[in-house]
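Please open the model in a viewer and follow the selections below in order.

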There are 10 protein chains.
Amino acid sequence: MTKLGYTARHAESVKRVKLPQIEGFPNQYKRDYTVKIIHPEFTSVCPKTGLPDFGIITIEYVPDKFCLELKSLKYYFLKYRNLGVFMENTVNKILDDVVASIKPKRCVVTGEFTPRGGIKSIITAEHRKKK
Amino acid sequence: MTKLGYTARHAESVKRVKLPQIEGFPNQYKRDYTVKIIHPEFTSVCPKTGLPDFGIITIEYVPDKFCLELKSLKYYFLKYRNLGVFMENTVNKILDDVVASIKPKRCVVTGEFTPRGGIKSIITAEHRKKK
Amino acid sequence: MTKLGYTARHAESVKRVKLPQIEGFPNQYKRDYTVKIIHPEFTSVCPKTGLPDFGIITIEYVPDKFCLELKSLKYYFLKYRNLGVFMENTVNKILDDVVASIKPKRCVVTGEFTPRGGIKSIITAEHRKKK
Amino acid sequence: MTKLGYTARHAESVKRVKLPQIEGFPNQYKRDYTVKIIHPEFTSVCPKTGLPDFGIITIEYVPDKFCLELKSLKYYFLKYRNLGVFMENTVNKILDDVVASIKPKRCVVTGEFTPRGGIKSIITAEHRKKK
Amino acid sequence: MTKLGYTARHAESVKRVKLPQIEGFPNQYKRDYTVKIIHPEFTSVCPKTGLPDFGIITIEYVPDKFCLELKSLKYYFLKYRNLGVFMENTVNKILDDVVASIKPKRCVVTGEFTPRGGIKSIITAEHRKKK
Amino acid sequence: MTKLGYTARHAESVKRVKLPQIEGFPNQYKRDYTVKIIHPEFTSVCPKTGLPDFGIITIEYVPDKFCLELKSLKYYFLKYRNLGVFMENTVNKILDDVVASIKPKRCVVTGEFTPRGGIKSIITAEHRKKK
Amino acid sequence: MTKLGYTARHAESVKRVKLPQIEGFPNQYKRDYTVKIIHPEFTSVCPKTGLPDFGIITIEYVPDKFCLELKSLKYYFLKYRNLGVFMENTVNKILDDVVASIKPKRCVVTGEFTPRGGIKSIITAEHRKKK
Amino acid sequence: MTKLGYTARHAESVKRVKLPQIEGFPNQYKRDYTVKIIHPEFTSVCPKTGLPDFGIITIEYVPDKFCLELKSLKYYFLKYRNLGVFMENTVNKILDDVVASIKPKRCVVTGEFTPRGGIKSIITAEHRKKK
Amino acid sequence: MTKLGYTARHAESVKRVKLPQIEGFPNQYKRDYTVKIIHPEFTSVCPKTGLPDFGIITIEYVPDKFCLELKSLKYYFLKYRNLGVFMENTVNKILDDVVASIKPKRCVVTGEFTPRGGIKSIITAEHRKKK
Amino acid sequence: MTKLGYTARHAESVKRVKLPQIEGFPNQYKRDYTVKIIHPEFTSVCPKTGLPDFGIITIEYVPDKFCLELKSLKYYFLKYRNLGVFMENTVNKILDDVVASIKPKRCVVTGEFTPRGGIKSIITAEHRKKK
């Protein structure tokens with residue numbers, strides 16, 4: 001059904017790329033509450049064309065023991081600037097990396113990207129901690 | 001109740017029109033996540049008046065084994081440019097063609113068309129994979 | 001509690017006014033899907049003051065065997081231009097007439113009217129087919 | 001916990017202020033439907049400062065035997081123009097008076113007031129008829 | 001996993017800072033209703049950089065025996081102007097202080113802060129009275 | 001160059017249609033000042049199709065001895081509701097009638113009409129009193 | 001040309017109504033600069049219908065020796081709340097009163113009023129100091 | 001300085017393409033006035049990529065003896081749907097064709113096109129009749 | 001005409017308050033060009049009430065030998081956070097301090113402040129270098 | 001007056017950086033007309049912090065013998081992605097490079113950059129051909 005074998009191999013390798021650690025700081029409150037972080041200046045590179053992609057990344061999570069430390073998150077996002085990665089994989093990889101770092105009770109990552117060829121993409125992925 | 005037999009025959013034939021294959025590429029992630037694709041530059045031809053229709057097509061889906069490849073989707077949309085088709089059928093046909101191509105777990109297609117004769121139409125159709 | 005007997009008699013007679021038939025055309029698809037029609041140029045006459053009312057009429061329905069034919073709908077709306085009718089009755093009457101014509105599985109009609117005397121009205125009525 | 005005894009006494013007396021009757025007219029339709037009325041020109045007086053308050057009052061109701069007659073409602077609202085009343089009580093009193101007049105199946109009143117001292121208030125109260 | 005021990009100690013001490021009492025006034029109505037208070041002029045100081053943070057604080061509550069008195073709330077907010085406090089803790093602390101003052105049936109506090117380093121934060125915490 | 005003789009004859013006759021007098025009231029102030037009147041609920045009939053046109057009419061004038069009386073203006077506009085008239089002529093005729101009535105020092109009339117066939121028109125005409 | 005003699009006499013008397021003094025405070029700077037003051041909560045009474053008018057009043061001036069003191073201006077505006085006055089005269093009277101109080105080098109007053117009978121008015125008057 | 005010889009030759013030939021005549025109808029008024037026509041549904045084809053371009057075309061003119069007849073203009077625009085033409089030339093050619101048809105006293109044509117490759121273009125050309 | 005002597009003395013003293021130096025960096029280009037700087041997070045204290053004021057400060061200038069260095073400007077603005085100063089004087093003082101620092105060919109400073117007592121102020125002052 | 005010698009030396013060297021040639025294509029029309037190009041996806045690097053800047057670049061020009069070729073312009077903008085350059089110099093350098101390439105009759109370049117440290121910058125530079 002598809003001849004895009006290249007795409008699959010590339011995407012697989014991106015999953016294994018090591019990016020800088022996203023740090024957390026201890027959550028002071030025991031109640032469940034929600035933190036929503038919006039980064040409207042995300043940019044990466046399209047692996048097929050080599051041209052830049054731009055987007056708004058949103059991370060919404062319920063902290064458990066740790067909250068996201070914003071400065072380390074800023075430097076984490078910066079590593080995508082010259083990285084070739086598909087938009088679907090960007091969103092899933094950010095979700096994996098946030099979950100690995102601060103183990104939130106729940107986390108939703110959304111990427112809303114600027115149009116390419118007259119077509120705009122919005123991708124959303126969610127993780128829930130097993131009880 | 002209706003004398004629009006012409007309309008019915010025309011619509012029937014549109015269902016059988018062959019458009020270019022929408023391609024997919026392998027989905028790298030196992031979790032359920034959502035991809036929303038927005039194409040604000042859709043245009044087709046009204047089969048009754050021969051005049052152009054314009055609209056915004058949105059495809060929202062949960063991928064199973066494949067994701068929509070955007071370049072093939074762009075060329076698929078292009079084939080409607082000189083095709084006579086009613087707005088209700090456009091939305092249902094796009095849904096059929098996306099489902100046939102990438103067999104998503106769930107897919108919703110929406111068409112929001114510019115007003116004609118002071119009347120604007122928004123059509124929404126949904127498909128869910130049988131379990 | 002009210003001395004507005006005039007209003008009641010008038011409204012009753014409007015329910016029996018015959019307007020042009022809204023036509024349908026055969027629905028080509030078996031799945032449940034939604035059609036939303038927006039008419040921002042609705043105008044009628046206030047039966048108490050004789051002054052014009054303006055509004056946006058929205059019809060959202062799930063077609064069964066027929067879809068609404070838009071040209072006949074346009075001429076149907078046109079008949080309200082010089083008709084004296086209260087806003088509450090306008091919305092209920094349009095719902096009755098659409099249901100009588102195309103027998104949809106579900107239908108919601110909304111009228112959002114421009115302010116009169118500094119007061120704006122939005123009226124919504126719904127019909128569901130009995131199973 | 002509070003020294004605002006003055007406030008309590010004042011609010012209590014407002015509950016007993018007699019305002020002009022809100023009239024209804026007979027509802028012509030048996031189905032449940034919703035009427036939403038928006039009055040963006042509401043003004044009253046703050047009982048503590050004597051300065052005017054401004055707000056948008058919204059009444060959303062499902063009529064039973066009667067609908068709200070808008071002209072009488074306009075004159076009802078006018079009586080607040082020089083009345084000292086707290087915003088929380090305004091919304092509850094309008095709800096009480098609408099319910100007493102037309103006995104709707106359900107009614108929600110919302111008051112969205114302009115900021116005072118950099119703080120804006122939105123108050124919402126709901127009534128449901130007992131079955 | 002984190003080296004931000006400083007952050008944790010600081011946040012802990014903020015939880016114990018005494019701010020001026022938020023006062024209430026007696027609620028005149030027995031029904032459950034909602035009061036939403038929006039303060040778009042909130043400002044505090046970032047404890048790491050010493051630079052100001054700005055935000056919109058929203059408090060939405062269902063009053064039990066008392067309503068929030070707005071003037072005392074304004075002076076309560078003013079105390080944050082030169083206080084070093086993290087955004088996550090601001091929202092939780094305001095919730096704690098409102099709950100301690102007027103013991104509402106339900107209360108949600110939201111803080112929507114202006115971007116820092118291209119990253120914007122929105123934090124939401126909720127309290128429900130035990131029955 | 002054009003075969004639209006019909007159009008010309010029709011337009012000519014509209015210039016001679018007698019509409020109700022627009023009244024004025026005495027201007028109390030000697031300084032030059034500007035009054036801008038906006039009527040967003042204008043509607044007339046297209047003489048070619050018989051279908052309604054909708055538009056926003058704006059009258060901006062510097063009064064001399066008289067100001068426009070708004071109630072008579074409302075009834076003047078109402079006469080266009082069932083009048084067949086081209087948009088270009090509507091704007092010029094309103095300007096002629098305002099100038100004849102209150103003889104302003106300067107007057108600009110603009111008509112901004114809703115799209116027909118995907119084409120929207122805005123027409124502006126100006127009169128200045130000879131000195 | 002007009003039978004609205006009542007209107008003229010009423011307007012004449014409004015010109016002589018004494019309102020509270022608008023105060024000024026000494027201007028500290030010698031350069032020409034502009035102060036624009038916007039009051040979106042203006043309300044008065046229509047002398048013909050007795051119903052309230054609402055509007056946004058804007059005063060833009062170049063101070064000479066004095067600037068407008070805002071608290072006295074607030075109490076000045078408050079006096080219009082129960083005063084019957086036409087919109088054209090409101091704007092001209094505010095201009096007269098500001099000029100009499102602080103003798104600015106230049107002053108423009110604008111009133112933008114909410115629609116009545118579907119017609120909205122914006123009135124603008126200007127004063128320049130003679131050299 | 002450029003190797004785009006192809007572009008030049010193509011553009012030259014577009015200048016000579018014959019499109020359907022834009023018709024006029026006789027102007028009924030002698031005063032100078034302005035007509036602004038907005039067509040938000042313009043589409044043509046990029047001669048280099050074969051992909052569609054979309055744009056909003058605005059024609060603003062002061063009529064002399066004739067006004068633009070909108071129906072013929074609609075069919076004139078339709079001819080661009082499958083025509084390969086650069087955006088700069090589209091705007092200049094429309095201006096040439098309008099001027100040839102109705103010989104206006106003044107005419108400005110603007111084309112505002114949707115982005116391609118992240119770059120949006122707006123082109124404006126003006127003609128004034130020689131006196 | 002005014003009894004606000006206190007105000008005058010206070011304002012006079014503010015003119016002499018020493019704030020941190022705004023630094024410049026050498027302008028690399030000889031042509032006249034414009035730099036517009038917008039700071040939406042300005043806050044100071046009202047000298048009469050002791051309550052905070054908030055505003056958007058805009059500085060637009062044509063550089064001569066130096067451009068404004070933004071980091072020093074940020075720390076300059078920070079000094080107003082706990083300074084009692086009237087809005088008219090804020091704008092004039094910022095203009096004085098920018099002119100003293102980088103001696104621009106032209107400079108305009110605007111302050112747009114949030115409403116107090118339902119009244120919003122916008123102040124604009126301009127400096128031009130003498131030739 | 002400034003100690004930012006580093007800044008000056010850096011900026012000087014940026015003026016001499018060689019970027020890819022912006023190409024032109026022959027202008028087909030002799031009349032003066034305007035082309036406005038908007039690039040909302042501009043990004044460069046701040047030379048002081050190493051962090052990315054984002055902005056919207058607008059180029060408005062009157063072509064003489066050549067028009068800007070958009071594909072070469074896209075690749076020209078791309079070279080700024082990893083270039084350290086101050087915002088003031090970005091705008092002036094783009095203007096220099098456009099003027100050197102297509103020698104327009106007039107050209108204005110504007111850069112509107114996203115806020116840094118709560119401060120937003122908009123820079124505008126203009127070139128006119130000598131006659």
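**Chains C and F**

Select chain C and chain F: a rotation of 180° with 0.0 Å of shift along its axis places chain C on chain F with an RMSD of 0.0 Å, the fit being by least squares on the C-alpha atoms of residues with pLDDT of at least 70 in both copies. The two copies are therefore related as by a two-fold rotation axis.

This is a predicted model, in which local features need pLDDT of at least 70 and side-chain atom pairs count only at pLDDT 80 or more, whereas totals for chains, interfaces and linings use all residues. Residues are numbered from 1 along each chain as its sequence is written, chains are lettered from A and ligands numbered from 1 in the order in which they are written, and side-chain values use heavy atoms, with hydrogens and water left out.

**Chains B and A**

Next, select chain B with chain A, where 26 residues of chain B are in contact with 27 residues of chain A (heavy atoms within 4.5 Å). Gln28(B), Tyr29(B) and Arg31(B) supply 29% of the area that chain B buries against chain A, more than any other three residues (accessible area, 1.4 Å probe, lost by two parts on being put together, summed over both).

Then display Arg31(B) with Asp96(A): their side chains form a salt bridge at 2.6 Å, N to O (a side-chain nitrogen of Lys or Arg within 4 Å of a carboxyl oxygen of Asp or Glu). Between chain B and chain A the count is two salt bridges.

**Cysteines**

Finally, colour the cysteines: the structure holds zero disulfides over all chains (cysteine sulfur atoms within 2.5 Å). For Cys107(B), the nearest cysteine sulfur is that of Cys67(B), 12 Å away.
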